[in-house]
Amino acid sequence: MSLLALGSVFIVFVGRTGQLVGLVMVALAVFWALPRRWRLVAIAIPPLIAFMAYNLGAVPQRFLTAESEVSSYMEKPAATTSTGIRLYFWKSSLEVMAQNPLAGSGAGSWTTQYNKNESLKNPDFEALKAASNPHQEFLLWGVQLGVGGILLLLAFLAAVRQDFLEMDESIARAGQSVLAALVVSCLFNSSIYDAHIGSFFCLSLGVLLAYGIHAGTAPKR
């Protein structure tokens with residue numbers, strides 16, 4: 001089942017974030033499978049796996065497309081491609097954060113602040129209605145809750161990881177895998193904010209934490 005899932009991610013699906021998550025999952029699996037004395041070798045695992053995956057299915061084309069989109073954005077910044085939209089949103093989010101770095105602009109304010117910021121730069125700007133987030137969870141929290149919001153999110157992730165480290169090895173590894181997938185996903189999407197994938201991550205982490213606590217597993221440290 002794991003091989004079928006990874007095959008779907010790298011060969012069938014075209015989402016680049018999912019492919020990056022797949023690479024991280026494989027790297028973690030190999031890291032944990034290695035004896036402790038070989039753990040330093042694990043540093044070379046992600047680049048090696050990335051090189052292998054680069055020659056599979058749709059992976060090369062998707063990342064070549066991303067490279068082309070980044071080059072196009074550097075020449076003329078505009079939200080016209082998948083990568084360009086993210087880069088433009090991230091840039092605008094940082095500009096909004098700079099206006100209220102400590103307190104933020106308030107929960108649910110990203111679209112309003114984005115429209116306001118873009119209108120000041122371009123009087124002909126048409127207010128954004130469809131998108132309600134910058135496709136980056138940390139920036140979403142930063143715009144709405146300030147730097148403290150980003151630190152709060154990081155503290156939450158660290159606390160969840162710490163809880164998993166206290167549990168049985170199998171549960172700890174499953175939980176850390178889901179947490180790693182969440183972190184990688186949050187770098188390129190507002191994954192917790194999103195109603196679909198956000199529910200998956202929250203429910204998965206909640207079930208694993210509950211299982212680890214109520215299974216009566218002994219602390220590992």
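Start by selecting His135, which sits in the loop between helix 6 (110-121) and helix 7. Helices here are DSSP runs of H or I with at least four residues, strands are E runs of at least two, and both are numbered from the N terminus. This is a predicted model, where local features need pLDDT of at least 70 and side-chain atom pairs count only at pLDDT 80 or more, while totals for chains, interfaces and linings use all residues. Residues are numbered from 1 along each chain as its sequence is written, and side-chain values use heavy atoms, with hydrogens and water left out.

Stay on His135 for a moment. Its phi is near 60 degrees, a positive value in a residue other than glycine. Is His135 buried or partly exposed? His135 counts as partly exposed, because its relative accessibility is 25%. (Buried means under 20% relative accessible area, exposed means over 50%, and partly exposed is in between, using a 1.4 Å probe and protein chains only.)

Next, click on Phe188, in helix 8 (residues 169-188). Phe188 is partly exposed as well, with a relative accessible area of 27%. Which residues does Phe188 touch, not counting those up to four places away in sequence? They are Thr17, Leu20, Arg86, Trp90, His135 and Gln136, where contact means heavy atoms within 4.5 Å. Try showing Thr17 too: the C-alpha atoms of Phe188 and Thr17 are separated by 6.8 Å, though the two residues are 171 apart along the chain.

Now hop over to Ser93, in helix 5 (residues 82-99). Ser93 counts as buried, because its relative accessibility is 1%. Leaving aside neighbours within four places in sequence, Ser93 is in contact with Trp110, Pro134, Leu139 and Val143.

Time for a helix pair. Color helix 7 (residues 137-165) and helix 8 (residues 169-188). They pack at an angle of about 165 degrees, with their axes 10 Å apart. Axes are lines fitted to C-alpha atoms, for helices over the stretch in contact, and angles run from 0 to 180 degrees between N-to-C directions. Helix 7 and helix 8 are therefore roughly antiparallel; that label covers angles over 145 degrees, with under 35 roughly parallel, 65 to 115 roughly perpendicular and the rest oblique. To see where they meet, show side chains including Leu157, Val160 and Phe164 in helix 7 and Leu179, Leu182 and Val183 in helix 8.

Add helix 9 (197-214) to the view. The axes of helix 7 and helix 9 come within 10 Å and cross at roughly 35 degrees. Val160, Asp163 and Phe164 in helix 7 meet Leu205, Leu208 and Leu209 in helix 9.

Which residues have the most contacts inside the largest nonpolar core? Select Phe164, Leu182 and Leu205 to find them; this core has 30 residues. (A nonpolar core is a set of buried Ala, Val, Leu, Ile, Met, Phe, Trp, Tyr and Cys residues joined through side-chain atoms within 4.5 Å.) Helix 7 gives the largest share of this core, nine residues. Leu182 touches Leu157, Ser191, Ile192, Phe201 and Leu205, not counting residues up to four places away in sequence.

Finally, zoom out. The chain has nine helices and zero strands, and buried residues make up 37% of its 221 residues. Color by pLDDT, the predictor's confidence in each residue, from 0 to 100. The chain's mean is 82; among its elements, helix 4 (residues 59-75) has the lowest mean, 63, and helix 7 the highest, 95.
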